[in-house]
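Me: Got a model here I'd like to walk through. Can you take my questions as they come?

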Amino acid sequence: MKQPLRNIKLTLEYDGTDWHGWQVQQNAPTIQGELEKALAKITGESLRVTGASRTDAGVHARGQACNFYTASRIPTERIPHALNANLAPSIVVLTACEVATEFHARFQATGKRYVYEITNSSIPSALRRHYSYHVAQNLNLMAMRQAASILEGEHDFKAFQAVGSSAKSTIRHLRSLLVDEPEAGRILIYAEGNGFLYNMVRIIVGTLLQVGVGKILPEDMAAILASRDRSLAGPTAPPQGLCLEKVFYDSPPTLTLEKS
């Protein structure tokens, strides 16, 4: 009798610098493509991996979630070690667990948290150049925080969506948008919501930076939101400062405890 397929959920960490984003592309290396090649090596199967977030080229992750179905009987706790032995060093599987058959990493996600890092100093950082965006101008953090608070809550974020999105609705609930400076010259912008439009976080960051340098007033945020006009928001911040921190689910999807 044929064994039923197992549904396996992975949590990944990756440095997106040398990858052309998450989604498989015909002639470019991607996170999904690399992961599927490694899975083929250890299972002998041609598998499709479903990611919770389709991160862009250059974007990083500390807590990307994905799932795949397999007939392989490799013990779940051995999957991270087997995959990591076959993956590029810039991609690491942190955990693996068996989940319910109906679990879908993307459609069952109830929220995501991203963080965007800015190096705010007259001199750029050689060591942080792939993980933060250098801004030499002085930033008014109080004004940026005031503007960020206006964006919190449920709104139509069409003004903060890049061209090319296939989203059926542009309404999203931005649960929190925090501007933090844990140390001088290092600014972190945390965005947590039930979902994000194409380039939404990077456009929000670009707009907050315009507020920070005085080109947009904090109170203008409400009018930008209401306009639903992308041209009124700020530029799209570059990808290297963005990191997917965590994907949220309503309840633990695991059938067994996650093991690393």
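Me: How many aromatic pairs does a search of the whole structure find?
Reply: The search finds 3 aromatic pairs. Keep in mind that this is a predicted model.

Me: What about Phe-157 and Phe-160, how far apart are the ring centres?
Reply: The centres of the Phe-157 and Phe-160 rings are 6.1 Å apart.

Me: And why is that pair edge-to-face?
Reply: Because the planes of Phe-157 and Phe-160 are at 65 degrees, and the cut-off for edge-to-face is over 60.

Me: Buried or exposed, those two, Phe-157 and Phe-160?
Reply: Phe-157 is buried. Phe-160 is buried too.

Me: Switching to cysteines. How many disulfides?
Reply: The count is 0 disulfides.

Me: Why is there no bond for Cys-66?
Reply: The closest cysteine sulfur belongs to Cys-97, and it is 10 Å from the sulfur of Cys-66. That is too far for a bond, because a disulfide needs the two sulfurs within 2.5 Å.

Me: And Cys-243, how far away is the nearest cysteine sulfur?
Reply: For Cys-243 the nearest cysteine sulfur is that of Cys-66, 15 Å away. Cys-243 is in no disulfide.

Me: Are Cys-66 and Cys-243 buried or exposed?
Reply: Cys-66 is buried, with a relative accessible area of 0%. Cys-243 has 7% relative accessibility, so Cys-243 counts as buried as well. The cut-off for buried is under 20%.

Me: Pockets next. What volume does the largest pocket have?
Reply: About 1000 Å³.

Me: Which residues lie nearest its centre?
Reply: Arg-54, Arg-106, Phe-196, Leu-197 and Tyr-198 lie nearest the centre of the largest pocket. The lining has 34 residues.

Me: Which element gives the most to that lining?
Reply: β5, with 4 residues. Both β5 (109-120) and α4 (200-212) supply at least two residues each.

Me: How does the lining of the largest pocket divide by class?
Reply: Into 13 nonpolar, 14 polar and 7 charged residues.

Me: OK, the second largest pocket. How much space lies in it?
Reply: About 260 Å³. The second largest pocket is lined by 17 residues, and the closest to its centre are His-60, Arg-62, Arg-128, Tyr-131 and Cys-243.

Me: So Cys-243 comes up again. Which elements give two or more residues to the lining of the second largest pocket?
Reply: They are β1 (6-14), β3 (60-70), β5, β9 (186-193) and β10 (242-249).

Me: And the classes in the lining of the second largest pocket?
Reply: That lining has 8 nonpolar, 2 polar and 7 charged residues.

Note on methods. Residues are numbered from 1 along each chain as its sequence is written. This is a predicted model: local features need pLDDT of at least 70, side-chain atom pairs count only at pLDDT 80 or more; totals for chains, interfaces and linings use all residues. Side-chain values use heavy atoms; hydrogens and water are left out. Buried means under 20% relative accessible area, exposed over 50%, partly exposed in between (1.4 Å probe, protein chains only). On a 1 Å grid over the protein atoms alone, a cavity is a set of points where a 1.4 Å probe fits but cannot get out, and a pocket is an open set with protein on both sides within 12 Å along at least five of seven lines; lining residues have an atom within 4 Å of a point. Grid points are joined across faces, edges and corners, and a volume is the space filled by probe spheres set on the points. Ala, Val, Leu, Ile, Met, Phe, Trp, Tyr, Cys and Pro count as nonpolar, Asp, Glu, Lys and Arg as charged, and the others, Gly among them, as polar. Rings of Phe, Tyr and Trp (its six-membered ring) pair if their centres lie within 6.5 Å; planes under 30 degrees apart count as stacked, over 60 as edge-to-face and the rest as tilted.
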